[in-house]
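Trainee: Could you take me on a close look at a single part of this model? I would like to see how one stretch fits in with what lies around it.

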Amino acid sequence: LKALTGKISLGFNFATDLDSQMSPVLTSLNALGKVTTDSLKITETENFNKITSLVGIGSSSQVSKVLKSVNASFAVKDGKVQITPFPVKIGDLNMMVGGQQGLDQVADFHIDVAIPTKQLAGKANDLMAQIGLPATSASMVNVGIAVECTVSNPTFKLTKTQYMEHKGVAEQSGEQINSLVKDKTNELL
């Protein structure tokens, strides 16, 4: 969040035990919430640069740094903030983002990215080979990025997608994406 600026709307319901000092017992905290915004700007680009380099779309200066139409649901349970996979758009890139972060600052996130093949400068099949998928002539290539780390020292690894099918997200119906988001939300609830 420290890398983003913009206005958000937040809805949040929670319950927790209190200790003898009337302070919340974080391990007992249970919550549900939703964050929405029309637009958020990425202001700190070190990690964004690592992601754009990993997927081979050049430097972050060549990619929009504005997240459009964020509508993310989350739950806090068993000491972890669990984020239901949600779609987001950055320039020409369609993404699905989800995962969890412990209150101990250990994170395990996954980002699926649908990249227009034209942005890969002829390297789409090399990218597919890196994650063990066959060559493609599709107009979009879907890849996954695993983010496993402590919050202060994230690492990024190229993987297969978790939330998208291997065909481009632009080719998936909105119903499929909405169905996935509902399924994951119900699973967390």
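**A look around Val 35**

Mentor: Happy to! Let us start at Val 35, which sits in strand S3, covering residues 30-42. Strands here are DSSP runs of E with at least two residues, helices are runs of H or I with at least four residues, and both are numbered from the N terminus. Before we go on, please keep in mind that this is a predicted model, where local features need pLDDT of at least 70, side-chain atom pairs count only at pLDDT 80 or more, and totals for chains, interfaces and linings use all residues. Residues are numbered from 1 along each chain as its sequence is written, and side-chain values use heavy atoms, with hydrogens and water left out.

Val 35 counts as partly exposed because its relative accessibility is 21%; buried means under 20% relative accessible area, exposed over 50%, and partly exposed in between, with a 1.4 Å probe and protein chains only. Leaving aside residues up to four places away in sequence, Val 35 touches Ile 8, Ser 9, Leu 10, Val 70, Asn 71, Ala 72 and Phe 74, where a contact means heavy atoms within 4.5 Å. Take Val 70 from that list: it is 35 residues from Val 35 along the chain, yet their C-alpha atoms are separated by 7.4 Å.

Now move along to Thr 37, also placed in strand S3. Thr 37 counts as buried because its relative accessible area is 9%. Its contacts, again not counting residues up to four places away in sequence, are Lys 7, Ile 8, Ser 69 and Val 70. The side chain of Thr 37 also reaches the backbone oxygen of Lys 7 at 2.6 Å.

Two of Val 35's partners lead us further. Ile 8 and Leu 10, together with Phe 12 and Phe 14, make a nonpolar surface patch of about 420 Å². Within that patch, Phe 14 belongs to strand S2, residues 9-15, and it counts as exposed because its relative accessible area is 52%. Phe 74, which Val 35 touches, joins Phe 12 and Phe 14 in a cluster linked by ring pairs; rings of Phe, Tyr and Trp (its six-membered ring) pair if their centres lie within 6.5 Å. The structure holds 2 aromatic pairs.

Finally, step back to the whole chain. It has 3 helices and 9 strands, and 38% of its 189 residues count as buried. Among contacts with a separation of 6 or more, 55% come from residues 24 or more positions apart.

Note on methods. Patch = residues over 30% accessible without salt bridge, like charges linked within 9 Å, V, L, I, M, F, W, Y side chains within 5 Å. Areas by Shrake-Rupley, 256 points an atom, 1.4 Å probe, with all protein chains shown as cover. Salt bridge = Lys/Arg side-chain N within 4 Å of Asp/Glu carboxyl O. Polar contact = N/O pair within 3.5 Å; in protein donor to acceptor, adjacent residues only side chain to side chain. Phe/Tyr/Trp six-rings, centres within 6.5 Å; stacked < 30°, edge-to-face > 60°.
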